[in-house]
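Trainee: I have a model open and would like to learn how to read it. Where do we start?

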Amino acid sequence: MTGSSSIGLHRVAEPVGVLPQAAWRLDPSPRLWPDETRVRVQRLNLDAASFRQLWTENGGDGDAVRAAVLGIVAERGKMQNPVTGSGGMLVGTVEEVGPASPLGLAAGDRVATLVSLTLTPLAISDRLARWDGRSEQVPCDGHAILFGRSIVAKLPDDLPAPLALAVLDVCGAPALTARVVRGLCGREFSGPPSVAVLGGAGKSGSLALAAARRAGAGRLVGVVPHEGEAAALKGAGLADEVVVADARDPVALANAVGEPVDATLVCVDVPGCEHGAVLATRAGGTVLFFSMATSFPAAALGAEGVAADVTMLIGNGYVPGHAELALRLVREEPGVRALFDARLGESGG
């Protein structure tokens, strides 16, 4: 390639001809093309599905998890878990901006990337020496490259960086939730649409519950895996009903939710939740998958197998205004903020 591409094709090292997200390896060299921006990385946020897989595969050994992440980035020039296919996002400070960059950034800006690490050229220079391998948030030093069409947000001054990073990592979920719920409100129902959120006490789940309520949802059901999360979600006051169920058990999940809902949101980081989400949703309803552990064949063939007439959507992480909405929710909804603060405190983030 003789010039740069706004979607990063010039950074694809292997195989040539695919988009950066699908590439096996990217070129993370620090020299910029005219429309690129280089960021000095200060913290990575691994997506939940990827971190869980690495943690499980390495038997909860933090040193082994750290070595695995270093190996992936060194080999691939980006952070893309080869098992889950997912990555996460990062925060850092802008080092240099190419003269043709359209992102509106300047050197010194503190930013969070709103595009996945799976398509972001990345190099780590400190061997992750400050990370114990035991949490999704990874303090580090290195650099990353943003393309002309990358999505990025300046970090807010009123929120701690780890909190802002955690919120922005899942900001697509509440925005798409609000859009879908507003659409359901315009249809012929007996009342406001009902919504169930699998993983309601988690990051994306708590934001989705708050967004659904503001968008006009009626009955809100938060599904969690154990009593500890149930107590936390009840304390947050984000759901009308909080039920404990294994989202991987379709019949148990459907029984726990009870009356089928108009929309089911899957915000959990484990595979095998597709069939339960389908069974919990009424005929003509909608299932939104926000989890990187979602299997398209399981969702599509499972719905077909039980003759379920449901619309299934995959959250792609981008909805116009998604960052602003998520940050507003964590500022204005005490229950959301409490759940995030508790989760960050537990992880040491």
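Trainee: How many bridges join strand E12 to strand E13, and do they run parallel or antiparallel?

Mentor: Keep in mind that this is a predicted model. Now the general idea. Strands of a sheet pair through backbone hydrogen bonds, in either a parallel or an antiparallel way. Here, E12 (residues 261-266) and E13 (residues 281-289) run parallel, joined by 5 bridges. For one pair to find on screen, take Ala263, whose bridge partner in E13 is Thr286.

Trainee: Through which helix does the chain cross from E12 to E13?

Mentor: Through helix H8, residues 274-279. This β-α-β crossover is right-handed.

Trainee: Which strand is joined to E13 by 4 bridges?

Mentor: That is E14, residues 311-314. E13 and E14 also run parallel. Look for Leu288, which stands opposite Leu313 in E14. Between E13 and E14 the chain passes through helix H9 (residues 296-305), and this β-α-β crossover is right-handed.

Trainee: Now the antiparallel case. In what order do the strands of the open sheet come?

Mentor: The order is E6-E7-E3-E4-E5-E8, 6 strands with antiparallel pairing. Strands E6 (122-124) and E8 (152-154) stand at the edges. Each has a single partner strand, so one of its sides has no neighbour in the sheet. On average, neighbouring strands here are turned by 35 degrees against each other, direction ignored.

Trainee: Over how many bridges do E3 and E4 pair?

Mentor: Over 9, in the antiparallel sense. E3 covers residues 37-46 and E4 covers residues 88-97. To check the register, start at Arg38: its bridge partner in E4 is Glu96.

Trainee: On to helices. What is the angle between H5 and H10?

Mentor: Two packed helices are described by the angle between their axes and the distance between those axes. H5 (residues 203-214) and H10 (residues 322-332) pack at about 90 degrees, with axes 10 Å apart. The two helices are therefore roughly perpendicular to each other.

Trainee: Which residues meet there?

Mentor: From H5 come Leu207, Ala210, Ala211 and Arg214. They meet Ala326, Arg328, Leu329 and Glu332 of H10. By type, this contact has 5 nonpolar, no polar and 3 charged residues.

Trainee: How many residues of helix H3 are buried?

Mentor: Buried means under 20% relative accessible area. In H3 (residues 161-169), 8 of the 9 residues are buried, leaving the helix mostly covered. Among the buried ones are Pro162, Leu165, Val167 and the final residue to look up, Asp169.

Definitions and conventions: Residues numbered from 1 in each chain as written. Predicted model: local features only at pLDDT ≥ 70, side-chain atom pairs only at ≥ 80, totals over all residues. Heavy atoms only, no water. Axes fitted to C-alpha atoms, helices over the stretch in contact; angles between N-to-C directions. Parallel < 35°, antiparallel > 145°, perpendicular 65-115°, else oblique. Contact = heavy atoms within 4.5 Å. Nonpolar A, V, L, I, M, F, W, Y, C, P; charged D, E, K, R; others polar. Pairing = 2+ DSSP bridges. Right-handed = clockwise from strand over helix to strand, strands pointing away. Buried < 20%, exposed > 50% of the residue type's maximum accessible area, 1.4 Å probe, protein only.
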